[in-house]
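Trainee: I should be grateful for a close look at a single part of this protein chain. Would you please take me through the sheet and the elements around it, step by step?

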Amino acid sequence: MSEPQGAGTGEGSTQRLPVVERGAGTDTEQGPYESGVPDGPALGRAGRFWSTRRVPAGIVALVLLLLAGAFLYDIAAVRAGRSALGWRRDLARQLAERPVDDTWVLVGAGVAAALGLWLLVLALTPGLRRLLPMRRTHPGVRAALHRDAAATVLRDRAMEVSGVQSAWVRMRRRRARVRALSHFRELDDVRADLDGVLDGAVRGLGLARPPAVSLRVKRPGRKG
(Lines give C-alpha, C1' and ligand atoms only; values in the text may rest on other atoms or scores of the structure.)
Protein backbone atom coordinates (compact mmCIF):
# COMPACT_ATOMS: atom_id res chain seq x y z
CA MET A 1 0.00 0.00 0.00
CA SER A 2 1.46 3.28 -0.99
CA GLU A 3 1.84 6.20 1.38
CA PRO A 4 -0.59 9.11 0.92
CA GLN A 5 0.94 11.66 -1.36
CA GLY A 6 0.25 15.35 -1.78
CA ALA A 7 2.41 18.38 -2.16
CA GLY A 8 1.19 21.17 0.06
CA THR A 9 1.82 24.80 0.75
CA GLY A 10 -0.51 27.37 2.20
CA GLU A 11 -3.97 27.63 0.68
CA GLY A 12 -3.95 29.79 -2.40
CA SER A 13 -0.17 29.79 -2.84
CA THR A 14 1.44 29.09 -6.19
CA GLN A 15 3.77 26.14 -6.75
CA ARG A 16 4.89 24.31 -9.88
CA LEU A 17 3.65 20.73 -9.75
CA PRO A 18 5.85 17.82 -10.90
CA VAL A 19 5.20 16.44 -14.37
CA VAL A 20 6.27 13.30 -16.21
CA GLU A 21 7.81 13.85 -19.62
CA ARG A 22 8.37 11.20 -22.25
CA GLY A 23 11.49 11.22 -24.31
CA ALA A 24 11.65 10.38 -27.99
CA GLY A 25 11.50 6.73 -28.87
CA THR A 26 9.74 5.65 -25.70
CA ASP A 27 6.57 3.62 -25.49
CA THR A 28 3.63 5.66 -26.71
CA GLU A 29 1.09 3.97 -24.46
CA GLN A 30 -0.47 6.56 -22.19
CA GLY A 31 -1.05 5.89 -18.50
CA PRO A 32 -4.35 6.68 -16.83
CA TYR A 33 -3.07 9.85 -15.11
CA GLU A 34 -0.84 11.33 -17.79
CA SER A 35 -3.66 13.18 -19.54
CA GLY A 36 -4.59 14.95 -16.29
CA VAL A 37 -7.91 13.10 -15.92
CA PRO A 38 -8.01 9.43 -14.84
CA ASP A 39 -9.68 7.59 -17.71
CA GLY A 40 -9.52 4.10 -16.24
CA PRO A 41 -12.41 2.54 -14.35
CA ALA A 42 -12.44 2.93 -10.60
CA LEU A 43 -11.29 -0.27 -8.89
CA GLY A 44 -13.06 -0.51 -5.56
CA ARG A 45 -14.16 2.15 -3.13
CA ALA A 46 -11.63 4.84 -2.30
CA GLY A 47 -12.14 5.26 1.44
CA ARG A 48 -10.57 7.90 3.62
CA PHE A 49 -7.20 7.42 5.29
CA TRP A 50 -7.29 6.69 9.01
CA SER A 51 -5.14 8.54 11.50
CA THR A 52 -3.03 6.65 14.01
CA ARG A 53 -4.10 9.08 16.78
CA ARG A 54 -0.69 8.92 18.46
CA VAL A 55 -1.03 12.14 20.49
CA PRO A 56 -4.46 11.44 22.10
CA ALA A 57 -3.53 7.81 22.73
CA GLY A 58 -0.22 8.85 24.29
CA ILE A 59 -1.85 11.44 26.57
CA VAL A 60 -4.52 9.02 27.79
CA ALA A 61 -1.98 6.26 28.34
CA LEU A 62 0.31 8.60 30.32
CA VAL A 63 -2.53 9.84 32.56
CA LEU A 64 -3.78 6.32 33.22
CA LEU A 65 -0.23 5.15 33.95
CA LEU A 66 0.31 7.90 36.52
CA LEU A 67 -3.04 7.23 38.24
CA ALA A 68 -2.53 3.48 38.28
CA GLY A 69 1.01 3.88 39.58
CA ALA A 70 -0.12 6.15 42.42
CA PHE A 71 -2.88 3.76 43.50
CA LEU A 72 -0.62 0.69 43.27
CA TYR A 73 2.09 2.40 45.32
CA ASP A 74 -0.36 3.34 48.05
CA ILE A 75 -1.93 -0.14 48.12
CA ALA A 76 1.51 -1.74 48.35
CA ALA A 77 2.44 0.63 51.18
CA VAL A 78 -0.71 -0.32 53.12
CA ARG A 79 0.02 -4.03 52.59
CA ALA A 80 3.53 -3.41 53.97
CA GLY A 81 2.09 -2.08 57.22
CA ARG A 82 2.15 1.64 56.52
CA SER A 83 -0.86 3.90 56.73
CA ALA A 84 -2.64 4.97 53.56
CA LEU A 85 -1.73 8.30 52.06
CA GLY A 86 -3.84 11.25 53.08
CA TRP A 87 -5.17 11.97 49.58
CA ARG A 88 -6.56 8.45 49.25
CA ARG A 89 -8.24 8.60 52.67
CA ASP A 90 -9.75 11.98 51.79
CA LEU A 91 -10.92 10.65 48.42
CA ALA A 92 -12.57 7.61 50.01
CA ARG A 93 -14.27 9.79 52.63
CA GLN A 94 -15.50 12.28 50.04
CA LEU A 95 -16.92 9.53 47.85
CA ALA A 96 -18.68 7.99 50.86
CA GLU A 97 -20.08 11.24 52.28
CA ARG A 98 -21.02 13.31 49.21
CA PRO A 99 -24.50 12.70 47.76
CA VAL A 100 -24.92 11.76 44.15
CA ASP A 101 -26.49 15.12 43.24
CA ASP A 102 -23.57 17.12 44.69
CA THR A 103 -22.20 19.78 42.35
CA TRP A 104 -18.63 18.48 42.32
CA VAL A 105 -19.82 14.93 41.74
CA LEU A 106 -21.87 16.06 38.76
CA VAL A 107 -18.95 18.11 37.39
CA GLY A 108 -16.59 15.15 37.71
CA ALA A 109 -19.09 12.84 36.05
CA GLY A 110 -19.59 15.34 33.22
CA VAL A 111 -15.85 15.66 32.63
CA ALA A 112 -15.43 11.88 32.61
CA ALA A 113 -18.35 11.47 30.20
CA ALA A 114 -17.00 14.18 27.88
CA LEU A 115 -13.56 12.58 27.89
CA GLY A 116 -15.05 9.17 27.12
CA LEU A 117 -17.16 10.59 24.28
CA TRP A 118 -14.10 12.35 22.86
CA LEU A 119 -12.14 9.10 22.90
CA LEU A 120 -15.01 7.27 21.18
CA VAL A 121 -15.16 9.93 18.46
CA LEU A 122 -11.41 9.63 17.92
CA ALA A 123 -11.70 5.85 17.72
CA LEU A 124 -14.64 5.80 15.27
CA THR A 125 -13.67 8.61 12.87
CA PRO A 126 -10.89 8.44 10.27
CA GLY A 127 -9.23 11.78 10.90
CA LEU A 128 -6.67 13.12 8.39
CA ARG A 129 -9.30 15.48 7.02
CA ARG A 130 -6.72 17.33 4.91
CA LEU A 131 -6.16 14.28 2.70
CA LEU A 132 -8.62 13.91 -0.17
CA PRO A 133 -8.81 10.29 -1.45
CA MET A 134 -8.14 9.85 -5.16
CA ARG A 135 -9.77 7.39 -7.54
CA ARG A 136 -8.33 3.90 -7.46
CA THR A 137 -7.36 2.92 -11.02
CA HIS A 138 -4.67 0.39 -10.06
CA PRO A 139 -5.33 -2.59 -7.78
CA GLY A 140 -3.59 -2.40 -4.44
CA VAL A 141 -2.68 1.29 -4.83
CA ARG A 142 -4.26 4.06 -2.76
CA ALA A 143 -3.40 7.72 -3.09
CA ALA A 144 -4.57 11.01 -1.66
CA LEU A 145 -4.16 14.67 -2.48
CA HIS A 146 -3.58 17.28 0.18
CA ARG A 147 -6.20 20.00 0.40
CA ASP A 148 -3.60 22.74 0.06
CA ALA A 149 -2.25 21.17 -3.14
CA ALA A 150 -5.75 20.91 -4.60
CA ALA A 151 -6.46 24.53 -3.64
CA THR A 152 -3.22 25.61 -5.32
CA VAL A 153 -4.18 23.86 -8.56
CA LEU A 154 -7.61 25.47 -8.64
CA ARG A 155 -6.17 28.90 -7.87
CA ASP A 156 -3.54 28.62 -10.59
CA ARG A 157 -6.17 27.59 -13.11
CA ALA A 158 -8.44 30.46 -12.06
CA MET A 159 -5.59 32.95 -12.49
CA GLU A 160 -5.22 31.84 -16.12
CA VAL A 161 -8.67 33.23 -16.98
CA SER A 162 -8.57 36.62 -18.66
CA GLY A 163 -9.84 39.38 -16.41
CA VAL A 164 -9.05 37.68 -13.08
CA GLN A 165 -6.87 39.89 -10.91
CA SER A 166 -6.66 37.63 -7.88
CA ALA A 167 -8.24 34.42 -6.66
CA TRP A 168 -8.74 32.74 -3.30
CA VAL A 169 -9.62 29.07 -2.84
CA ARG A 170 -10.77 27.26 0.29
CA MET A 171 -10.93 23.51 -0.21
CA ARG A 172 -13.11 21.19 1.82
CA ARG A 173 -13.97 17.51 1.40
CA ARG A 174 -17.28 18.17 -0.36
CA ARG A 175 -17.03 21.78 -1.51
CA ALA A 176 -14.44 24.16 -2.94
CA ARG A 177 -15.13 27.83 -2.32
CA VAL A 178 -13.56 30.07 -4.95
CA ARG A 179 -13.53 33.85 -4.66
CA ALA A 180 -12.13 35.89 -7.55
CA LEU A 181 -11.60 39.59 -8.23
CA SER A 182 -12.01 40.80 -11.81
CA HIS A 183 -10.58 44.20 -12.77
CA PHE A 184 -11.85 44.20 -16.38
CA ARG A 185 -14.30 42.34 -18.61
CA GLU A 186 -17.93 41.77 -17.74
CA LEU A 187 -18.42 39.78 -14.54
CA ASP A 188 -20.84 37.37 -16.25
CA ASP A 189 -18.25 36.55 -18.91
CA VAL A 190 -15.51 36.03 -16.33
CA ARG A 191 -17.82 33.86 -14.24
CA ALA A 192 -18.76 31.72 -17.23
CA ASP A 193 -15.09 31.18 -18.15
CA LEU A 194 -14.24 30.36 -14.54
CA ASP A 195 -17.06 27.82 -14.35
CA GLY A 196 -15.70 25.89 -17.31
CA VAL A 197 -12.06 26.12 -16.22
CA LEU A 198 -12.73 25.11 -12.63
CA ASP A 199 -14.99 22.20 -13.60
CA GLY A 200 -12.21 20.83 -15.78
CA ALA A 201 -9.62 21.43 -13.05
CA VAL A 202 -11.72 19.57 -10.47
CA ARG A 203 -12.10 16.59 -12.82
CA GLY A 204 -8.37 16.69 -13.50
CA LEU A 205 -7.56 16.27 -9.81
CA GLY A 206 -8.70 12.65 -10.04
CA LEU A 207 -10.51 12.70 -6.69
CA ALA A 208 -12.83 9.89 -5.71
CA ARG A 209 -15.47 12.44 -4.69
CA PRO A 210 -14.99 15.62 -6.72
CA PRO A 211 -16.08 18.58 -4.60
CA ALA A 212 -18.78 20.96 -5.74
CA VAL A 213 -17.45 24.39 -6.71
CA SER A 214 -18.96 27.49 -5.11
CA LEU A 215 -17.86 30.48 -7.20
CA ARG A 216 -18.14 34.19 -6.48
CA VAL A 217 -16.75 36.92 -8.71
CA LYS A 218 -16.72 40.61 -7.85
CA ARG A 219 -14.90 43.85 -8.52
CA PRO A 220 -11.99 45.00 -6.33
CA GLY A 221 -12.98 47.45 -3.63
CA ARG A 222 -12.17 51.09 -4.04
CA LYS A 223 -9.09 52.36 -2.27
CA GLY A 224 -9.25 55.32 0.04
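Mentor: The account below begins with the whole chain, turns to the sheet, and ends with some other places in the fold.

Please keep in mind throughout that this is a predicted model. The protein chain has 5 helices and 5 strands. Read along the sequence, these elements follow the pattern α-α-α-β-β-α-β-β-α-β. Of the 224 residues in the protein chain, 25% are buried. Among the contacts with a separation of 6 or more, 66% are between residues 24 or more positions apart.

We come now to the part you asked about. It is an open sheet of 3 strands, arranged in the order β3-β4-β5, and its pairing is mixed. The edge strands are β3, residues 164-171, and β5, as each of them pairs on one side only. Between neighbouring strands of this sheet the turn is 15° on average, with direction ignored. As a general point, the strands of a sheet pair through backbone hydrogen bonds, and they do so either parallel or antiparallel.

Let us take the pairing of β3 with β4. These strands run antiparallel and are joined by 7 bridges. The link between them is a hairpin, which passes from β3 to β4 through 3 residues. Two pairs of residues help to place the strands side by side. A167 stands opposite A180 in β4, and V169 stands opposite V178 in β4.

The pairing on the other side of β4 has the parallel sense. Here β4, residues 175-182, and β5, residues 212-218, pair over 7 bridges. The bridge partner of A176 in β5 is V213, while L181 stands opposite K218 in β5. The route between these two strands includes a helix: β4, helix α5 (residues 187-204) and β5 make a right-handed β-α-β unit.

The side chains along β4 deserve attention, for they alternate between two faces. A176, V178, A180 and S182 point to one face and are buried. R175, R177, R179 and L181 point to the other face and are not buried. When you follow β4 in the model, you can therefore expect its side chains to alternate in this way.Two helices can now be added to the sheet. Helix α4, residues 147-159, lies across β3 and β4 and runs at about 160° to β3. Helix α5 packs on the sheet as well, where it touches β3, β4 and β5. The direction of α5 makes about 155° with that of β5.

The loop between β4 and α5 contains R185. Its phi is near 70°, which is a positive value in a residue other than glycine. Most residues other than glycine have a negative phi. R185 has a relative accessible area of 29%, and since this value lies between 20% and 50%, R185 counts as partly exposed.

For a view beyond the sheet, consider L145, which is found in strand β2, residues 144-146. L145 has a relative accessible area of 15%, and because this is under 20%, L145 is buried. L145 and M134 are 11 residues apart in sequence, and their C-alpha atoms are 6.8 Å apart in space.

The last place to visit is a pair of helices. In general, two packed helices are described by the angle between their axes and the distance between the axes. The axes of helix α1, residues 54-79, and helix α2, residues 86-97, come within 10 Å and cross at roughly 100°. Angles of 65 to 115 degrees count as roughly perpendicular, and α1 and α2 are therefore roughly perpendicular to each other. In their contact, A70, F71, D74 and V78 of α1 meet W87, R88 and L91 of α2. The residues of this contact divide into 5 nonpolar, no polar and 2 charged.

One of the residues in that contact is D74, which is found in helix α1. D74 has a relative accessibility of 0% and therefore counts as buried. Leaving aside residues up to four places away in sequence, D74 touches A84, L85 and R88.

Conventions. Residues numbered from 1 in each chain as written. Predicted model: local features only at pLDDT ≥ 70, side-chain atom pairs only at ≥ 80, totals over all residues. Heavy atoms only, no water. Axes fitted to C-alpha atoms, helices over the stretch in contact; angles between N-to-C directions. Helix = DSSP H or I, 4+ residues; strand = E, 2+ residues; numbered from the N terminus. Parallel < 35°, antiparallel > 145°, perpendicular 65-115°, else oblique. Contact = heavy atoms within 4.5 Å. Nonpolar A, V, L, I, M, F, W, Y, C, P; charged D, E, K, R; others polar. Pairing = 2+ DSSP bridges. Right-handed = clockwise from strand over helix to strand, strands pointing away. Buried < 20%, exposed > 50% of the residue type's maximum accessible area, 1.4 Å probe, protein only.
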